[in-house]
Amino acid sequence: MSSMEPGISFRELFHYSDYLAGRWIKYFNEHPDALDVEVGGRTGSLRNLVSHIFDVELFFAAQVSGENPARPAQAKQETPTLEELLQRHQKAQEKLLRFVESANEEGLRQKHTFGPVTVSSRKLLAQTALHSIHHWAQVAMEVRQAGFPVEKPQDIIITDLME
């Protein structure tokens, strides 16, 4: 009997998140008006929600990489293009995968403080992946509810990202 607990790796989660990002960037290139769908709350539009997804990825990627980035809310930008959004994601993805490939237990336990909360790099990696996946599901729901064409489901089981 193996002492290893079955699970999914951060690398697999980030590859899935990257699959979702690429899928939605392609979708928005084909249906640019979908970016203007109003989603309510502080986010406003789908374009802003996509920007939020990538800004958070980049912020947390910089954190685990030992950088001291500005909080995403502080990074004001005019309406970003899809290419600019994709570049943010790619930069974050590169940092996250580089960290995951070189991380050891000590690096995963390293602490990061955000206001009253102190968390490990492991928890930041989990938050980064799950935050993105959560919001991509929200994007799918908003697009569908706005009447835009739907595509095949985005579930991980229909990808070839893992066995």
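What span should the 21 residues of H3 have at 1.5 Å a residue, and how far apart are its end C-alpha atoms? In this predicted model, the expected span of H3 is 30 Å, and its end C-alpha atoms are 30 Å apart, so the two values agree. H3 covers residues 82–102, and it offers a convenient starting point for a description of the helices.

Among the residues of H3, Leu-82, Leu-85, Leu-86, Arg-88, His-89, Ala-92, Gln-93, Lys-95, Leu-96, Leu-97, Phe-99 and Val-100 are buried. These buried residues pack against four helices, namely H1 (10–30), H2, H4 (105–109) and H5 (121–145). Two of these partners, H2 and H1, are now taken in turn.

Helix H2, residues 46–64, packs on H3 with an angle of about 30° between them and with the axes 8 Å apart. The pair is therefore roughly parallel, since an angle under 35 degrees counts as such. The crossing of H2 with H3 is left-handed. On the H2 side, the contact is made by Arg-47, Val-50, Ser-51, Phe-54, Asp-55, Glu-57, Leu-58, Ala-61, Ala-62 and Val-64. On the H3 side, the participants include Leu-82, Leu-85, Leu-86, His-89, Ala-92, Leu-96 and Phe-99, together with the charged residues Arg-88, Lys-91 and Lys-95. In this contact, 12 residues are nonpolar, two are polar and six are charged.

H2 itself has 19 residues and reaches 27 Å from its first C-alpha to its last, close to the 27 Å expected at 1.5 Å a residue. Because 16 of those 19 residues are buried, H2 is largely enclosed by the rest of the structure. Just after H2, Gly-66 adopts a positive phi of about 90°. Elsewhere in the chain, Gly-44 belongs to strand E2, which comprises residues 44–45. Gly-44 has a relative accessibility of 17% and so counts as buried. Its contacts, apart from neighbours within four places in sequence, are with Val-37, Glu-38 and Val-39. Gly-44 and Lys-123 are separated by 79 residues in sequence and, from C-alpha to C-alpha, by 28 Å in space.

The second partner of H3 is H1. The axes of H1 and H3 come within 11 Å and cross at roughly 170°, and the two helices are therefore roughly antiparallel to each other. From H1, the contact involves Phe-10, Arg-11, Phe-14, His-15, Ser-17, Asp-18, Ala-21, Ile-25, Phe-28 and Asn-29. From H3, it involves Leu-82, Leu-86, His-89, Gln-93, Leu-96, Leu-97, Val-100 and Glu-101. These residues divide into 10 nonpolar, five polar and three charged.

H1 also packs against H5, at an angle of about 30° and with the axes 10 Å apart. H1 is therefore roughly parallel to H5, and their crossing is left-handed. Among the H1 residues in this contact are Phe-10, Leu-13, Phe-14, Ser-17, Trp-24 and Phe-28. Those of H5 include Arg-122, Leu-125, Thr-128, Ser-132, Trp-136 and Val-143. The contact of H1 with H5 comprises 17 nonpolar residues, three polar residues and one charged residue.

H5 has 25 residues and extends 36 Å from its first C-alpha to its last, close to the 36 Å expected at 1.5 Å a residue. It is followed by Gly-147, whose phi is positive, near 90°.

Which residues does Ser-17 of H1 contact, leaving aside its neighbours within four places in sequence? They are Glu-57, His-89, Ser-132 and Trp-136. Ser-17 counts as buried because its relative accessibility is 1%. Ser-132, which lies in H5, is likewise buried, with a relative accessible area of 0%. With the same sequence neighbours set aside, Ser-132 is in contact with Ser-17, Ile-53 and Glu-57. The C-alpha atoms of Ser-132 and Gln-90 are separated by 13 Å, although the two residues are 42 residues apart along the chain.

Thr-128, also in H5, has a relative accessibility of 2% and so counts as buried. Not counting residues up to four places away in sequence, Thr-128 touches Phe-14, Glu-57, Phe-60 and Leu-96. Glu-57 thus appears among the contacts of Ser-17, of Ser-132 and of Thr-128, and it also takes part in the contact of H2 with H3.

Conventions: Residues are numbered from 1 along each chain as its sequence is written. This is a predicted model: local features need pLDDT of at least 70, side-chain atom pairs count only at pLDDT 80 or more; totals for chains, interfaces and linings use all residues. Side-chain values use heavy atoms; hydrogens and water are left out. Axes are lines fitted to C-alpha atoms, for helices over the stretch in contact, and angles run from 0 to 180 degrees between N-to-C directions. Angles under 35 degrees count as roughly parallel, over 145 as roughly antiparallel, 65 to 115 as roughly perpendicular and the rest as oblique. A crossing is left-handed if the near helix is turned anticlockwise from the far one by less than a right angle, and right-handed if clockwise. Contact means heavy atoms within 4.5 Å. The expected span of a helix is 1.5 Å times one less than its number of residues. Buried means under 20% relative accessible area, exposed over 50%, partly exposed in between (1.4 Å probe, protein chains only).
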